[in-house]
Amino acid sequence: MPVSQPNFMQTLAAARVVGILRSSTSTAAVEAALAAVRAGLQVLEVTFTTPGALEALRTLRQQLPEHVRLGAGTVMTAEEGRAALEAGAEFLVSPHLGEDLLALASETGVPYLPGVLTPSEIVRALGLGAQMVKVFPAGSSGGLAYIKDLLGPLPHLKILATGGIRPGEVPAYLQAGVWAVGLGSNLFPKAALERGDWAAVEAAARQALAEAGVA
């Protein structure tokens, strides 16, 4: 069952980092997620670009500690969103502004973070009911300076900043006013996932969280 929007936003602000997990198999996704959680990760999303993402969500929902928030990422349609919720996802994230997903969020109360970049996209998302947005790709679109520029005219905007942000940059983003930062390959190194080295994933996640100032 999805968490409520206010509770989710509080959890996200406290966690400060969202793990973005892409893997080549559902089994690897499960093992990598569990390794990162052992390292201290509290919020993670399994992307739909992972083969068997729904299977991974179902397995993780049974195996993760109760306090860990599990979501689905790269959700492209409301149909995928509904399937993710049925598989155990508690929140949805997309790389785009999905109006059908915003309608689903309104219908179900599920937290949904649409991917936006420009001020016009952000204001449209807010007008359609988004309570928090994913600014993507943040790192390659101006980085911290761009985020600060957005928050000037939109000081109450709740942002998950993702895309090309390094762990050591996380404190500066948080200080600038974002609610949380999404990290991917720094938490889940591709080479470690490919060879099934879950100890290496745990070590990398622990180091990344420490560099981000949240461990």
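**Exercise 1.** At what angle do helix α4 (residues 78-87) and helix α5 (residues 99-108) pack, and how far apart are their axes?

*Solution.* Begin with the geometry: in this predicted model, α4 and α5 pack at an angle of about 40°, and their axes lie 8 Å apart. That angle makes α4 oblique to α5. Turn next to the residues that make the contact, which are Ala78, Gly81, Arg82 and Leu85 on the α4 side and Asp100, Leu101, Leu104, Glu107 and Thr108 on the α5 side. Finally, sort these residues of the contact of α4 with α5 by character, which gives four nonpolar, two polar and three charged.

**Exercise 2.** Describe how helix α2 (residues 26-38) packs with helix α3 (residues 53-63).

*Solution.* The first step is again the geometry, with an angle of about 35° between α2 and α3 and their axes 9 Å apart. The second step is the handedness, and the crossing of α2 and α3 is right-handed. The third step is the contact itself, in which Ser26, Ala29, Val30, Ala33 and Leu34 of α2 meet Glu55, Ala56, Thr59, Leu60 and Gln63 of α3. The residues of this contact divide into six nonpolar, three polar and one charged.

**Exercise 3.** Which residues have the most contacts inside the largest nonpolar core?

*Solution.* The largest nonpolar core has 67 residues, and Leu44 and Leu92 are those with the most contacts inside it. Helix α2 gives the most to this core, with eight residues. To follow one of the two leucines, note that Leu92 touches, among others, Gly81, Leu85, Leu101 and Leu104, leaving aside residues up to four places away in sequence. Apart from the largest core lies another, of 13 residues, including Phe8, Val93, Leu113 and Met132.

Note on methods
Residues numbered from 1 in each chain as written. Predicted model: local features only at pLDDT ≥ 70, side-chain atom pairs only at ≥ 80, totals over all residues. Heavy atoms only, no water. Axes fitted to C-alpha atoms, helices over the stretch in contact; angles between N-to-C directions. Helix = DSSP H or I, 4+ residues; strand = E, 2+ residues; numbered from the N terminus. Left-handed = near helix turned anticlockwise from the far one by under 90°. Contact = heavy atoms within 4.5 Å. Nonpolar A, V, L, I, M, F, W, Y, C, P; charged D, E, K, R; others polar. Parallel < 35°, antiparallel > 145°, perpendicular 65-115°, else oblique. Core = buried A, V, L, I, M, F, W, Y, C linked by side-chain atoms within 4.5 Å. Buried < 20%, exposed > 50% of the residue type's maximum accessible area, 1.4 Å probe, protein only.
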